[in-house]
Amino acid sequence: METFDTVILGAGAAGMMCAIHAASRGGRVLIVDHAKAPGEKIRISGGGRCNFTNVGAGARNFLSGNPHFAKSALGRYTPRDFIALVEKHGIAYHEKTLGQLFCDHSAKDIIAMLLDEMARGGCELRLNTTLEKLTKTDAGFDVVLGGDGAADIQCRHVVVACGGKSIPKMGATGLGYQIAGQFGLTVTDTRAALVPLTFGEDVLAGFREIAGVAAEARVSCGKTSFDEALLFTHRGLSGPAILQISSYWREKQPIRIAFLPKDDLFAALCASKRENGRRSIGTALGEILPKRLATYLADRHGWTGTMGEASDKKLAAIASTLQDWEVFPIGTEGYRTAEVTLGGVDTSGLNSRTMEAKAIGGLYFIGEVVDVTGWLGGYNFQWAWSSGWAAGTAI
Ligand code: FDA
């Protein structure tokens, strides 16, 4: 029988952050993962450059059954704190857009940084290791591990950092939710989020014609909207604006697309008509929208003739169609491509300062397994760092 103060299940972003801080307080920390390498999602994130935080991250950028839950951890371990760690390790980074910070070189720099900090604190990492059994005891927990790191372990704290269900091919499992269920914690409904939307054949046939076209747009669902790029694909709609809205969209709801949302499009079309009335409507639209998109929209809506022939009423109708296009997705691409899982361990069962289960002393849940889901743009990693820090420093 081996003894540790803390066993952390999952060597992803949240687990490694927690390990660093639990160990820095002098505890014996073991972190285990069934994968053959730690931080696999960090490695593939941000196109290999890891969008590791967002300078503006705050609770308003997260979806949760309790919108206040994330405030404590995010407010005590901020993007600034993580940036300081990145700078301490000499990792070069840049802001891409909208406060999103990316590594200049590689996401692997972030993994190396976390492993380095873990090693300094004396954390033990066991890979290719599975959880066989977890039992509560008077003193803490008995943990039975299988695989390469097989052992019978006694510990005082168990931290569940197993992530969500997205990308099962990369090792995502429902273990965190199972452990929550085993100890009587509620798990809210989960669904794929930050995920492309799919469409019925009637709509898709059109999208296929313009697959690969990207355009800036405001995409809305109900009262929520995001101004970012939208991408037409052979499977439906993708791009940042669509991934963002997918977290808010529900079956049978429409989404609304507005191209050039900040412009007075009617005024722009009238000016274009005055400038040169001999151009076709499609050609004129191609000067303010991607050309293939302009041609597709003009064909689809039967906007033939020249700008000179178009009445003000017609131009107003074109402007309003371009800025209020309603489409009905039929679904999402699901966990196969989703960046995150919406929902998870119900925050009402957790202490927001420490991430400890209120009913089970010594049991903690951090990162994506918790019902706190960020927008696209570095917010989900910031939640992993902040919640990992909150648990690690509380242990
Ligand atoms: P994470 O999933 O990172 O870690 C969980 C760990 O638990 C994994 O190592 C897994 O192997 C292990 N595990 C699971 N089941 C287990 C079991 N049964 N036994 C043992 N171990 C088990 N976010 C962001 O802010 N910026 C970005 O750029 C991106 N980019 C991005 C790209 C892609 C393609 C994806 C899929 C996701 C992103 N994200 C992102 C989201 C981000 O990756 C995610 O929110 C965090 O990795 C969550 O951190 P966790 O530590 O909670 O889970």
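**Exercise 1. The annotated domains**

Find which residues UniProt assigns to the feature "domain: RsdA/BaiN/AoA(So)-like Rossmann fold-like", and describe the secondary structure over residues 5-393.

*Solution.* Start with the record: the unreviewed UniProt entry places this feature at residues 5-393. Next, turn to the coordinates, keeping in mind that this is a predicted model. Over residues 5-393 the chain is 32% helix and 24% strand, and the C-alpha atoms at the two ends are 13 Å apart.

Then look at the second feature. The unreviewed UniProt entry also lists "domain: RsdA/BaiN/AoA(So)-like insert", at residues 191-340. Here the chain is 36% helix and 24% strand, with 9 Å between the end C-alpha atoms.

**Exercise 2. The chain as a whole**

Work out how many helices and strands the chain has, and what share of its 395 residues is buried.

*Solution.* Begin by counting elements: the chain holds 13 helices and 21 strands. For the overall dimensions, the C-alpha trace spans about 85 × 40 × 35 Å along its principal axes.

Now go to burial. Of the 395 residues, 53% are buried. The accessible surface of the chain is about 16,600 Å², and carbon and sulfur atoms contribute 51% of that surface.

Finish with the contacts. Among those with a separation of 6 or more, 72% join residues 24 or more positions apart.

**Exercise 3. Around the ligand**

Determine which residues come nearest to the ligand, and which elements give two or more residues to the shell around it.

*Solution.* First, take the shell: 30 residues surround the ligand, and Ala14, Asp33, Thr173, Glu368 and Phe381 come nearest. By type, the shell divides into 14 nonpolar, 12 polar and four charged residues.

Second, go through some polar distances. A side-chain N or O atom of Asp33 is 2.5 Å from an oxygen atom of the ligand. A polar backbone atom of Glu368 is 2.8 Å from a ligand oxygen, and for a polar backbone atom of Gly378 the distance to a ligand oxygen is 3.5 Å.

Third, ask how much of the ligand is covered. On its own the ligand has 990 Å² of accessible area, and the protein covers 92% of this.

Last, assign the shell to elements. Helix H1 (13-24), helix H2 (40-44) and helix H13 (379-394) each give two or more residues. H13 gives the most, with four residues.

**Exercise 4. Two positive phi angles**

Leu194 and Lys252 each have a positive phi. Decide for each whether the residue is buried or exposed.

*Solution.* Recall the background: most residues other than glycine have a negative phi. That is a good reason to inspect the two exceptions.

Take Leu194, whose phi is near 50 degrees. Leu194 sits in the loop between strand E11 (191-193) and strand E12 (197-198). Its relative accessible area is 1%, so Leu194 is buried.

Now take Lys252, with a phi of about 75 degrees. This lysine lies in the loop between helix H8 (240-246) and strand E16 (255-259). Lys252 counts as exposed because its relative accessible area is 76%.

**Exercise 5. Placing three residues**

For Gly48, Ser72 and Lys358, give the place in the chain, then the degree of burial and the contacts beyond four places in sequence.

*Solution.* Gly48 is in the loop between H2 and strand E3 (51-54). With a relative accessible area of 23%, Gly48 is partly exposed, because it falls between the 20% and 50% limits. Its contacts are Arg43, His105, Ser106 and Ala107. In addition, the C-alpha atoms of Gly48 and Phe102 are 9.4 Å apart, with their positions 54 residues apart along the chain.

Ser72 belongs to helix H3 (residues 71-76). At 17% relative accessible area, Ser72 is buried, since the limit is under 20%. Ser352 and Arg353 are its contacts.

Lys358 lies in the loop between strand E19 (340-342) and strand E20 (363-365). Its relative accessibility is 60%, so Lys358 is exposed. Lys358 touches Ser348, Gly349, Leu350 and Asn351. For Ser348, add two distances: the C-alpha atoms of Lys358 and Ser348 are 8.6 Å apart, while the side chain of Lys358 reaches the backbone oxygen of Ser348 at 3.0 Å.

How values were computed. Residues are numbered from 1 along each chain as its sequence is written. This is a predicted model: local features need pLDDT of at least 70, side-chain atom pairs count only at pLDDT 80 or more; totals for chains, interfaces and linings use all residues. Side-chain values use heavy atoms; hydrogens and water are left out. A residue is near a molecule or strand if one of its heavy atoms lies within 4 Å of it. A polar contact is a pair of N or O atoms within 3.5 Å; within protein, one must be able to donate a hydrogen and the other to accept it, and residues adjacent in sequence count only if both atoms are side-chain atoms. Accessible areas come from the Shrake-Rupley method with a 1.4 Å probe; for residues, only the protein chains shown count as cover. Ala, Val, Leu, Ile, Met, Phe, Trp, Tyr, Cys and Pro count as nonpolar, Asp, Glu, Lys and Arg as charged, and the others, Gly among them, as polar. UniProt positions are given in the numbering used here, feature names are shortened, and annotations may be inferred rather than shown by experiment. Buried means under 20% relative accessible area, exposed over 50%, partly exposed in between (1.4 Å probe, protein chains only). Contact means heavy atoms within 4.5 Å.
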